[in-house]
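Trainee: I have a structure to read and a list of terms I only half trust. Can we go through them one by one?
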Amino acid sequence: MKSARLVSILLLLQTRGRMTAAALAAELEVSVRTVYRDVEALSEAGVPLYGDAGHAGGYRLLDGYRTRLTGLTAGEAEALFLAGVPGPAAELGLGPLLAAAQLKVRAALPQELREHADRVSGRFHLDAPGWYADTGDGATPYLPAVADAVWNSRVLHVLYRRWREPTDVRRRLEPYGLVLKAGRWYVVAGPGPRTFRVDQILELSAVDEEFTRPDGFDLGGYWAGYQRDFHDRLHRAEAVVRLAPGTRLPGPAGAAVRAGGVPDEEGWTRATVPIESVEHAHAEFLRLGAAVEVLAPPELRERITATVAALARTYAPAQSAGPQSAEHRAQSARREEPSAENRERLPDPGNPPAPSGN
């Protein structure tokens, strides 16, 4: 709607200062010609804004002008209260501030919008961490210190535990930003930049040394690229599988089935899916039981076959009730089990290891 777009232009100029017509058009996802018409409408309404020509030009508001516009739509009020996730705010030490801010906003809302906000709070609750995430107190004891260093551009010296040898290493970090992913906090830090899990920091000391954040560094853009690179490195192998009707695989494997799966005459779907490794796929496919048949690679099929055979022997009806036969069956099952080394899984995709070099 035009009225909402005019308000957006006014608030963008108020918060960002000078902006070109092209920048406003990109922000609002409209044409430059539409921006010209909207700016003219604002001027006719008495808003003191003017445009500067030239390479460094653009539209801006008269110095000192501040709009007192505080109107919110019902949807905006709902989204505002839905976005206030108390858990992460509390971990950063901002829980009381968030509660106070929400109280002030709620008090300033008209009765109708206040009811909308209360309805959202009573019907939606955001719980970002997974079911098996560590919920113990003090899981990230250094998070407030890291957040303070991010905010004040202070260098950190840390003892950090990574997943490969040597596991405990000392690092000098220039923290650019914090990211909350699936209930875990990550700090993106220079030089590099590189990514570190905050809960893997064993020791931390802030020094009286400031650093300069790189001009133009985009935390959101970096994280999106980091995720793409992580998944590209994660799924370097493939497996050919048959899936029973109605069986679904999560993540990239599921996407591969939907994109290239071919049903056979029995209703099973054959597809080539990405896997992290034979070890990881062995554990993941076993979870599906008889709903999946692995056709390739041969080493993965053989490993699953050996595990299933060992399980069958373990749970087979006893041929003799004597204690010696039971012990014999247990020993046979242990001999057929995959070794501990083979059972070891790679790091969980939900808890990615720090990039190499950390």
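Mentor: Yes. This is a predicted model. Start with strand S5, residues 184–190, which pairs with S6 in the antiparallel sense over four bridges.

Trainee: What makes S5 and S6 a pair?

Mentor: The cut-off is at least two bridges between two strands. S5 and S6 have four bridges, so they count as paired. For one bridge, look at Val188: its partner in S6 is Thr195.

Trainee: Where does that pair sit in the sheet?

Mentor: The sheet is open and has five strands, in the order S6-S5-S4-S3-S7, with antiparallel pairing. Strands S6 (194–197) and S7 (201–210) stand at the edges.

Trainee: Why are S6 and S7 said to stand at the edges?

Mentor: Each has a single partner strand, so one side of each is left without a neighbour in the sheet. From one strand to the next, the twist averages 45°.

Trainee: Which helices touch this sheet?

Mentor: H8 packs on it, touching strand S3 (154–161), strand S4 (168–181), S5 and S7. The direction of H8 makes about 80° with that of S4. Helix H9, residues 219–234, lies across S4, S5 and S6. H9 runs at about 110° to S4.

Trainee: How do you know that the buried residues of H8 line one face?

Mentor: First, list them. Helix H8, residues 143–152, has Leu143, Val146, Ala147 and Ala149 as its buried residues. Seen down the axis of H8, they fall within an arc of 160°, so they line one face of the helix. A general rule helps here: an α-helix has 3.6 residues a turn, so residues three or four places apart point the same way. Just after H8, Ser153 takes a positive phi of about 55°.

Trainee: Now Arg60. Why is Arg60 called partly exposed?

Mentor: Buried means under 20% relative accessible area, and exposed means over 50%. Arg60 has 23% relative accessibility, so it counts as partly exposed. Arg60 lies in strand S2.

Trainee: What makes Arg60 and Leu49 a contact?

Mentor: Contact means heavy atoms within 4.5 Å. Leu49 is among the residues that Arg60 contacts, leaving aside neighbours within four places in sequence. Others in that list include Leu13, Arg18 and Tyr50. The C-alpha atoms of Arg60 and Leu49 are separated by 5.5 Å, although the two are 11 residues apart along the chain.

Trainee: What else does Leu49 touch?

Mentor: Besides Arg60, its contacts include Leu13, Val39 and Leu42. Leu49 also belongs to the largest nonpolar core, of 18 residues. Leu13, Leu24 and Leu49 touch the most other members. Helices H1 (2–16), H2 (21–28) and H3 (32–44) and strand S2 (58–61) each give two or more residues to this core. The largest share, five residues, comes from H1. Apart from this core lies another, of 17 residues, among them Ala239 and Ile275.

Trainee: What makes S9 and S11 edge strands in the four-strand sheet?

Mentor: That open sheet has the order S9-S10-S8-S11, with antiparallel pairing. Strands S9 (262–263) and S11 (292–296) each pair on one side only. Further in, seven bridges join S8 (237–243) to S10 (269–275). Glu238, for instance, has Pro274 in S10 as its bridge partner.

Trainee: Which helices lie on this second sheet?

Mentor: Helix H10, residues 251–260, packs on the sheet and touches S8, S9 and S10. Helix H12, residues 298–315, lies across S8 and S11.

Technical notes. Residues are numbered from 1 along each chain as its sequence is written. This is a predicted model: local features need pLDDT of at least 70, side-chain atom pairs count only at pLDDT 80 or more; totals for chains, interfaces and linings use all residues. Side-chain values use heavy atoms; hydrogens and water are left out. A nonpolar core is a set of buried Ala, Val, Leu, Ile, Met, Phe, Trp, Tyr and Cys residues joined through side-chain atoms within 4.5 Å. Buried means under 20% relative accessible area, exposed over 50%, partly exposed in between (1.4 Å probe, protein chains only). The arc is that of the directions from the helix axis to the C-beta atoms. Axes are lines fitted to C-alpha atoms, for helices over the stretch in contact, and angles run from 0 to 180 degrees between N-to-C directions.
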